[in-house]
Amino acid sequence: MGKIIAITNQKGGVGKTTTAINLAASLHFRGRSVLLVDCDPQCNATTGMGIDKSKVKGLYDVMFRDYPIQEAILETKHAQVLASHADLAGANVELVDMERREFLLKSKLEPVKDQYEYILIDCPPSLELLTLNALSASDRVLVPVQSEFYALEGLSDLMNTVRLVKQRLNPGLELEGLLLTMYDGRTRLSKDVEKALREHFPGKVYQTVIPRSIRLSEAPSHGMPCLEYDRMCRGTRAYLHFTNEFLKLQEAERLQAEQERLERERQAAEEAARKEAEERARLAEEARQREEEAARQREEAKKLEEARKRELAQQRGKKKKGKQRRRQEPQTQEDKPQEAPPPDPEEEARRLERERRAEEERRQDEELRRELQRREEERRREQERRAEQERQKELERLRKEEEARREATHRQEKERLKELSEAQKQAEREQESGILGFFGIKRKRKE
Ligand SMILES: Nc1ncnc2c1ncn2[C@@H]1O[C@H](COP(=O)(O)OP(=O)(O)OP(=O)(O)O)[C@@H](O)[C@H]1O
Ligand SMILES: [Mg+2]
């Protein structure tokens, strides 16, 4: 994903265009893909890159004439360029009545954003609508600051504007850094400005400073970046040095973002594992409660059965006593019949038959009841056994899932760490080869 950087400062002549041209050329020299967008009606970046502004379609046509951006982008020796045109001076008037007028540039850059690693926008020296468009379209703001007495003047206005744009138009906008330009290490003034700037913006001022260099100011009139005009001059060396610092910070930022992402993923995985463990504990607790409930029901059924048996036994005991009493009653004195009538043998046989049948029926009833009870008990046990099997299966599945997830996360982390260390090594190798290349050229010149 391309990173869009607005090079801006509403103060004029502080080195915005010089920085845009030379940073673009140095990034290209370091093998990065760069698009330089000239957003200033003065067209200094366009001419500074050797483009005849009168003969080309550029940002004006893209923004206000619907000219396709892919066709407007020009290939130069050092970077690709979206040129400017003097007509762009009328942009503020054309923008005023437009809907979402602050987002026009953003929408126009969208289709090519991912084709470049860096898109640098050279802004005009004002905080008007064109600059607001550049800030709304950008991810970062790079501020060149001239090492002179009024350097800090207007910087607070610029920072306020950046803050407002961030609040209202572009929440992702951040300050990339401040670059001291036209620095003269021999003067007290330059050192004082540097000190004040570093105090005001701790950690945001680049260590590299761009010295005052005649060759830097001459290069644009030849339509070339200083890297081409004079590869050995102080200005070129300073911008190459600055580019190295810039890229190092980009890499560090990328690594940090990557680490933060990994950390977020790790925390999410931990959270998921914790939730799963809770779910497993909940399932186990539910199973335990079900088991307890089943045991309680078994116990109750047993007690009921015992109570019923006792009642049956009591009823039998009462019947037996009643029979005995009836057999003993004729022997008492009162109401004793003089002589018991002889039992009718047929009647006696029928009574005995009835009693036998009743006893038989009772026995059959009892057997049936026991059989039903036994079946009911078997059915309940079978249900419990199945529920337990299901629960075990569920636990096993969750355990396997968790293992697989842990393994995948571990593998991903290992791969990413490997990628990160390779990327870091690659960056170091690139930087080293850049510096060697630079000294190789120097040796040739001496020879
Ligand atoms: N480090 C430097 N040493 C000497 N001259 C420089 C240096 N940087 C820039 N200049 C010169 O200073 C002048 C202003 O620089 P530049 O055009 O880059 O500033 P700017 O901020 O883009 O200006 P503007 O606000 O008008 O767009 C130019 O003539 C440029 O060549
Ligand atoms: Mg300029």
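Modeller: A residue counts as buried if 20 or more other C-beta atoms lie within 10 Å of its own. With that cut-off, 26% of the 447 residues in this protein are buried. Keep in mind that this is a predicted model.

Biologist: What radius of gyration does the protein have, and what would a compact globule of 447 residues have?

Modeller: The protein has 47 Å, whereas a compact globule of 447 residues would have a radius of gyration near 22 Å. Along the principal axes, the C-alpha atoms fill a box of roughly 160 × 55 × 40 Å.

Biologist: How many helices and strands are there in the protein?

Modeller: There are 13 helices and seven strands. As for contacts with a separation of 6 or more, residues 24 or more positions apart account for 78% of them.

Biologist: In what order do the seven strands stand in the sheet?

Modeller: First the general idea. Strands of a sheet pair through backbone hydrogen bonds, either parallel or antiparallel. Here the seven strands form an open sheet in the order E3-E4-E2-E5-E1-E6-E7, and the pairing is mixed. Strand E3 (74–75) and E7 stand at the edges with a single partner strand each, so one side of each is left without a neighbour in the sheet.

Biologist: Which strands do bridges join to E5?

Modeller: Strand E1 (residues 3–7) runs parallel to E5 and is joined to it by five bridges. Strand E2 (residues 34–38) also runs parallel to E5, again with five bridges. To find the register, look at Lys-3, whose bridge partner in E5 is Tyr-118. On the E2 side, Val-37 stands opposite Ile-121 in E5.

Biologist: How do E1 and E6 pair?

Modeller: They pair in the parallel sense, over three bridges. Ile-5 stands opposite Arg-140 in E6, and Ala-6 stands opposite Val-141. Moving on to the edge, E6 pairs with strand E7 (residues 174–181) over seven bridges, in the parallel sense. Val-143 stands opposite Leu-178 in E7.

Biologist: Which residues of E5 lie on one side, and which on the other?

Modeller: In a regular strand the side chains alternate between the two faces of the sheet. In E5, Tyr-118, Leu-120 and Asp-122 are on one side, with Ile-119 and Ile-121 on the other; all are buried, and both faces are covered. Strand E5 spans residues 118–122, and five of its five residues are buried.

Biologist: Why is strand E6 largely enclosed?

Modeller: Six of the seven residues of E6 (residues 140–146) are buried, so the rest of the structure largely encloses this strand.

Biologist: Which residues have the most contacts inside the largest nonpolar core?

Modeller: They are Ala-24, Leu-36, Leu-120 and Ile-121, in a core of 75 residues. Helix H1 gives the most to this core, with seven residues. Take Ile-121 as a worked case: leaving aside neighbours within four places in sequence, Ile-121 is in contact with Ile-4, Ala-6, Ile-7, Val-37, Cys-39, Ala-134 and Ser-138.

Biologist: Where is Pro-124 found?

Modeller: Pro-124 is in the loop between E5 and helix H7 (129–137). Because Pro-124 has 25 C-beta neighbours inside 10 Å, this residue counts as buried. Setting aside residues up to four places away in sequence, Pro-124 touches Cys-39, Asp-40, Pro-41, Gln-42, Leu-130 and Thr-131. The C-alpha atoms of Pro-124 and Cys-39 are separated by 6.5 Å, although the two residues are 85 residues apart along the chain.

Biologist: What do the buried residues of H7 pack against?

Modeller: An α-helix has 3.6 residues a turn, so residues three or four places apart point the same way. Eight of the nine residues of H7 are buried, so this helix is largely enclosed by the rest of the structure. The buried ones include Leu-130, Asn-133 and Ala-137. The buried residues of H7 pack against E1, helix H5 (91–96), helix H6 (104–109), E5, E6 and helix H8 (155–168).

Biologist: Which residues come nearest to ligand 1?

Modeller: Of the 20 residues around the ligand, Lys-16, Thr-17, Thr-18, Pro-125 and Ser-217 come nearest. By class, the shell has six nonpolar, eleven polar and three charged residues.

Biologist: Which helix gives the most to the shell around ligand 1?

Modeller: H1 does, with three residues. Helix H1 (16–29) and helix H10 (214–218) each supply at least two residues of that shell.

Key
Residues are numbered from 1 along each chain as its sequence is written. Chains are lettered from A and ligands numbered from 1 in the order in which they are written. This is a predicted model: local features need pLDDT of at least 70, side-chain atom pairs count only at pLDDT 80 or more; totals for chains, interfaces and linings use all residues. A residue is near a molecule or strand if its C-beta atom, placed from the backbone, lies within 6 Å of it. Helices (H or I, at least four residues) and strands (E, at least two) are DSSP runs, numbered from the N terminus. Ala, Val, Leu, Ile, Met, Phe, Trp, Tyr, Cys and Pro count as nonpolar, Asp, Glu, Lys and Arg as charged, and the others, Gly among them, as polar. A nonpolar core is a set of buried Ala, Val, Leu, Ile, Met, Phe, Trp, Tyr and Cys residues joined through C-beta atoms within 7 Å. A residue is buried if 20 or more other C-beta atoms lie within 10 Å of its own, exposed if 12 or fewer, and partly exposed in between; C-beta atoms are placed from the backbone. Two residues are in contact if their C-beta atoms, placed from the backbone, lie within 7 Å. The radius of gyration is taken over C-alpha atoms; the globule rule is 2.2 Å times the number of residues to the power 0.38. Two strands pair if DSSP finds at least two bridges between them.
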